[in-house]
2 protein chains.
Amino acid sequence: MFVSKLRVKAGRLIVAQRSQKGTGWVTGMEGKTKNRAATVPPPAGARPTLKTIAFMTGLGITTVSRALKDAPDIGAETKERVRLVAKQIGYQPNRAGVRLRTGKTNVISLVLTLEEEIMGITSPMVVGITEILAGTPYHLVVTPYSSTKDPLGPIRYILDTGAADGVIISRTEPHDARVTLMTERHLPFVTHGRTEMGIIHPFHDFDNERFAYEAVRRLTERGRRRLVLLEPPPNLTFHTHMRTGFERGLKDFGAEAVSFHHVNIDHSLVAIRDAFEQLMRSVDAPDGIVSGSGSGAIALIAAIESAGKKVGENVDMVTKAPSDFLRWLRPEVMTMYEDIRLAGRELAKAVIGHIEGKPPETLQSLSQPEFQRPMSKSRKV
Amino acid sequence: MFVSKLRVKAGRLIVAQRSQKGTGWVTGMEGKTKNRAATVPPPAGARPTLKTIAFMTGLGITTVSRALKDAPDIGAETKERVRLVAKQIGYQPNRAGVRLRTGKTNVISLVLTLEEEIMGITSPMVVGITEILAGTPYHLVVTPYSSTKDPLGPIRYILDTGAADGVIISRTEPHDARVTLMTERHLPFVTHGRTEMGIIHPFHDFDNERFAYEAVRRLTERGRRRLVLLEPPPNLTFHTHMRTGFERGLKDFGAEAVSFHHVNIDHSLVAIRDAFEQLMRSVDAPDGIVSGSGSGAIALIAAIESAGKKVGENVDMVTKAPSDFLRWLRPEVMTMYEDIRLAGRELAKAVIGHIEGKPPETLQSLSQPEFQRPMSKSRKV
DNA sequence: CATCGCTACTGTATCGTTACAGATTTTGTT
DNA sequence: AACAAAATCTGTAACGATACAGTAGCGATG
C-alpha cells in the first residue's frame with residue numbers, strides 16, 4: 001500500500017538524518033533542554049497536538065508547525081511526511097493556541113437585532129452563511145443586540161475583545177456609524193445593504209430599486225394607475241432605493257403615487273393593517289400595491305379584505321417574498337423572490353475575501369429580484 | 001467623590017504594605033525575575049490584561065487573578081481594589097487565554113440540519129437562545145450539518161476539538177446516538193425533544209401529545225368524525241407523541257382515523273399537496289385535519305382547494321403554528337401556537353444548568369400548546 | 001582550505017490565564 | 001519567648017501555537 005510504503009521510507013530517513021548529525025537525541029535524555037518535546041511520548045488518548053506529530057516524526061515542534069503551513073524552508077519530503085502523519089492521527093490545530101499566539105480567531109460574527117427577526121429572515125441567512133463557512137476554518141458566532149439600544153455596542157465589543165476576524169451586519173444606513181468605526185479600526189466586515197458615505201466596502205444587496213420598478217411595471221400592465229408603496233423604515237438605505245425605483249416606475253409607466261407614509265415594514269402587522277384599512281376605505285384608495293416585505297403584505301391583505309375589497313379584483317399587489325407562503329396561500333398576489341440564503345452565501349464569501357485582503361470593490365454584489373409565476377392551483381400530472 | 005477617595009485610600013495601603021515588607025520592588029529593578037510583570041508598564045492603548053491590573057495595583061498577576069475570582073485567600077480590601085481597577089479600565093478576560101489554560105470555551109453550540117430550516121424555525125430559536133446567553137459569558141456558535149450525512153459528525157467534531165462547553169440539538173429520536181455519545185463522554189447538552197432510552201438528560205419539548213389531543217377535541221366539537229393527521233417523520237420521537245395524542249383523542253371524543261402515512265411534515269410542500277389532494281378526491285376523504293406543522297398546513301390547504309373543497313365548510317383543520325401567518329391569511333384554520341422563542345430560552349437555560357452541574361431531572365421542561373382565538377377580521381376601534 | 005551562502009531544521013520566548021507549591025507576615029497559643 | 005497556625009500574597013510552569021533568531025551540514029567559491 002502506498003501509505004505504509006511511504007512510512008517505511010520516512011522512517012529510514014529519520015535514522016539517516018539523526019545519525020549524520022550525531023546528536024543522538026532520539027535515544028538518550030542527555031540534552032535535558034526543556035522544550036525538547038519530541039523526546040517525551042504524548043499521553044495516550046489525548047488530543048493530538050504539534051508535539052504529538054513532532055514525537056511521531058522525530059522532528060521539532062517548530063518544523064512540524066512550519067511544514068503544515070507549507071513554509072519554504074522545509075524539505076518537500078519532510079512536509080509530506082508531516083502531512084501524512086497529521087492526517088492519520090486527525091490533527092486539528094488548537095483554536096485557543098492559535099488565537100492566543102496570533103490573534104486570529106477564525107470566527108465570523110453575525111450581528112443581529114433581536115427585533116428584526118419577527119419574520120424569520122435570519123434562518124435561511126444563517127444557513128447560507130454556514131454553507132460557505134463549512135469549507136473553511138471559520139465558525140459562525142451570532143451576536144445579538146437590542147436595536148432599541150446602541151447598535152455600536154456589539155461592534156465595540158468585537159473590537160475591544162478581538163472576538164472575531166470579520167463581521168456581517170444588516171439594517172445598513174446611508175451614513176452608518178458601524179461602517180465608519182470598522183473601517184477606521186481595520187476590522188473586516190460586509191454589510192447586507194449599501195451605504196452612501198464614499199467608503200468603498202464589501203456588501204451584498206438585493207436590488208430594491210429594480211424590484212420596485214418592476215413591481216410598478218407589473219401593476220401598470222394590469223391597468224393599475226393609483227399605486228401605493230409600503231416602504232422600508234426611512235433610516236435604512238434601501239428605503240431610498242425602493243422609493244427611487246417606485247417613482248421611476250411611476251414616471252416610465254404612467255401612474256401616480258398614493259401617499260402612505262404613516263407606517264413602514266418595521267411596524268407591527270396590526271399597525272400596518274389598521275393604517276392601510278383606513279386608506280382603503282377612503283376616497284384615496286389605491287388600486288395597486290407594492291409591498292416592501294412579505295410579512296407586511298400579510299397585513300395589507302388583511303386590511304384590503306377588512307375594507308371589503310379583494311386582491312386581484314379591486315386592487316393588484318406585488319410583494320417581495322423571502323419564502324413562498326404567499327404563492328401558496330394567496331396566488332393572486334404577485335411575488336418577487338428575495339433569496340436570503342443566497343445573500344448569506346454572498347455575505348460569507350465577501351467577509352472572508354475582505355479578511356484575506358482582497359480589494360473591497362471586488363466584494364460587492366447585487367442580487368436581482370426574481371419574478372415568480374403564480375403557483376399552479378392543481379397538481380402536476 | 002467616592003471613587004477617588006477609595007483610590008487614594010488604596011494608594012496609601014500599597015505604600016504601607018510595601019514599606020513594611022521592605023522588598024522595595026515598586027521602585028527598583030533589582031529583582032530581575034522574569035515574571036515580575038508588575039514592574040513593567042503596559043503598552044498604552046493595548047487591551048488590558050491581568051498584567052495591566054497587576055501593574056496598576058502593585059500586586060502580582062496571580063493575586064489579581066485570584067482576587068477577581070473571589071478566592072478565599074485574598075484579603076477583602078485587596079479584592080475590592082482589584083475589582084475597582086478592573087472595572088475602571090474595562091478589563092475582560094482573554095477568552096483564548098482562559099480556553100487554552102482551562103479548556104473552558106464559554107461556547108454553546110447549536111447543532112442544526114441545513115435541511116430542516118426551510119420553514120425558518122431557527123430564527124426565533126436563535127433569538128431565544130441569545131436572549132439568555134446575553135447575560136452570561138457564553139457565545140453562541142452555529143454548527144450545521146447535512147442531515148443526509150452523519151448526524152454524529154458535528155458532535156464528534158465538538159468532542160474531538162473541545163469546541164464547546166455545551167450543545168443544543170434538535171430532531172431528537174427515541175434512541176438517539178448523539179445523546180448516548182454525549183452522555184458517555186460527559187459533554188453537557190440539551191435536546192429539543194425527548195428520548196426513550198432511560199437516560200435522564202435535560203430537554204425542552206412541546207407537548208405534542210396534548211396538542212394532537214386538543215386538536216381532535218376541537219374538531220369533534222365541530223362535528224367532525226373522520227380525522228386525518230399529517231404527522232412528523234416516523235424516526236423522530238414526537239411522531240409517537242403526536243400519534244398517541246391523536247389516537248387518545250379519537251377514542252375519548254369518538255372519531256375515527258383516516259389513514260395517511262405516505263407523506264409527513266418533512267416532505268416537500270408539493271409532495272404533501274399532491275398526496276393529500278388525492279386523498280381529498282377519494283371516497284375516503286376526511287372531514288377533519290390535524291397538521292403537525294405550520295408549513296405542512298399550507299400544502300394541505302392548497303390540496304383541499306385543488307380538490308374543490310373549502311376549509312371551514314367541507315372540512316375543519318387544526319394546525320401547530322410557530323408564527324401567525326395562518327391566522328392572518330386563513331383565519332378559518334384553527335391554530336395552536338408553538339412558542340419557539342420560548343423554547344430557545346428554555347434550551348439555553350437548560351444547557352447552562354447542565355454545564356453548572358445541576359441535576360438533569362431539574363432541567364426538563366414541557367411547553368403547552370396555546371390555542372389561539374381566530375384573529376378578528378376587522379380593526380380594533 | 002577558509003569562508004560564504006544555501007538548505008533544512010531547531011530552541012527560545014511569548015500570547016493571557018490559572019493550578020500549584022511556596023513565601024512572608026501576622027496572629028494565636030502555650 | 002518560642003513556635004505553630006492562619007492569612008495573604010507570590011513566582012513558576014504549563015496549556016498549544018508561532019515569530020524570530022538562530023545552528024548544522026554541505027557544496028561552491030576564491
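**Figure 1. Where chain A meets chain B in this predicted model.** The contact draws on 50 residues from chain A and 51 residues from chain B. Put together, the two chains bury about 4,700 Å² between them, and 64% of that is on carbon and sulfur atoms. On the chain A side, α5 (95-102), α6 (122-133), β2 (139-145), α7 (152-161), α11 (269-281), α12 (294-306) and α13 (325-329) each chip in at least two residues that touch chain B. Sort the chain A residues of this contact by type and you get 23 nonpolar, 13 polar and 14 charged.

**Figure 2. Polar contacts and salt bridges between chain A and chain B.** Eleven residue pairs are in polar contact across the two chains, both partners having pLDDT 80 or more. Salt bridges between chain A and chain B, on the other hand, come to zero.

**Figure 3. Strand β2 of chain A joined to strand β2 of chain B.** Here the two chains share strand pairing: three bridges join β2(A) to β2 (residues 139-145) of chain B, and the strands run antiparallel. For a landmark, pick out A:L140, whose bridge partner in β2(B) is B:V142.

**Figure 4. The open six-stranded sheet of chain B.** Read across, the strand order is β7-β6-β8-β9-β10-β12, and the pairing is mixed. The edges belong to β7 (256-258) and β12 (370-371) of chain B; each has a single partner strand, so one side of each is left without a neighbour in the sheet. Further in, β6 (residues 226-230) and β8 (residues 288-291) of chain B run parallel and are joined by four bridges. B:L227 sits opposite B:G288 of β8(B). Packed on this sheet is helix α9 (residues 208-221) of chain B, which touches β6, β8, β9 (316-321), β10 (334-337) and β12 of chain B. The direction of α9 makes about 155° with that of β9(B).

**Figure 5. The open six-stranded sheet of chain A, with helix α10 lying across four of its strands.** In chain A the strands go β7-β6-β8-β9-β10-β12, again with mixed pairing. At the edges stand β7 (256-257) and β12 (370-372) of chain A, each with a single partner strand, so one side of each has no neighbour in the sheet. Four bridges hook β9 (residues 316-321) of chain A to β10 (residues 334-337) of chain A, and this pair runs parallel. Look for A:T319, which stands opposite A:T335 in β10(A). Helix α10 (residues 237-253) of chain A lies across β6 (226-230), β7, β8 (288-291) and β9 of chain A, running at about 170° to β6(A).

**Figure 6. A salt bridge within chain A, between A:D205 and A:R194.** Over all chains, the count comes to 52 salt bridges. In the pair shown, the closest N and O atoms of A:D205 and A:R194 are 2.9 Å apart. A:D205 lies in strand β5 (residues 203-206) of chain A, while A:R194 is in the loop between β4 (189-192) and β5 of chain A, so the pair ties together parts that are eleven residues apart in sequence.

Technical notes. Residues numbered from 1 in each chain as written. Chains lettered and ligands numbered in written order. Predicted model: local features only at pLDDT ≥ 70, side-chain atom pairs only at ≥ 80, totals over all residues. Heavy atoms only, no water. Contact = heavy atoms within 4.5 Å. Buried area = accessible area lost by both parts, 1.4 Å probe. Salt bridge = Lys/Arg side-chain N within 4 Å of Asp/Glu carboxyl O. Polar contact = N/O pair within 3.5 Å; in protein donor to acceptor, adjacent residues only side chain to side chain. Nonpolar A, V, L, I, M, F, W, Y, C, P; charged D, E, K, R; others polar. Pairing = 2+ DSSP bridges. Axes fitted to C-alpha atoms, helices over the stretch in contact; angles between N-to-C directions.
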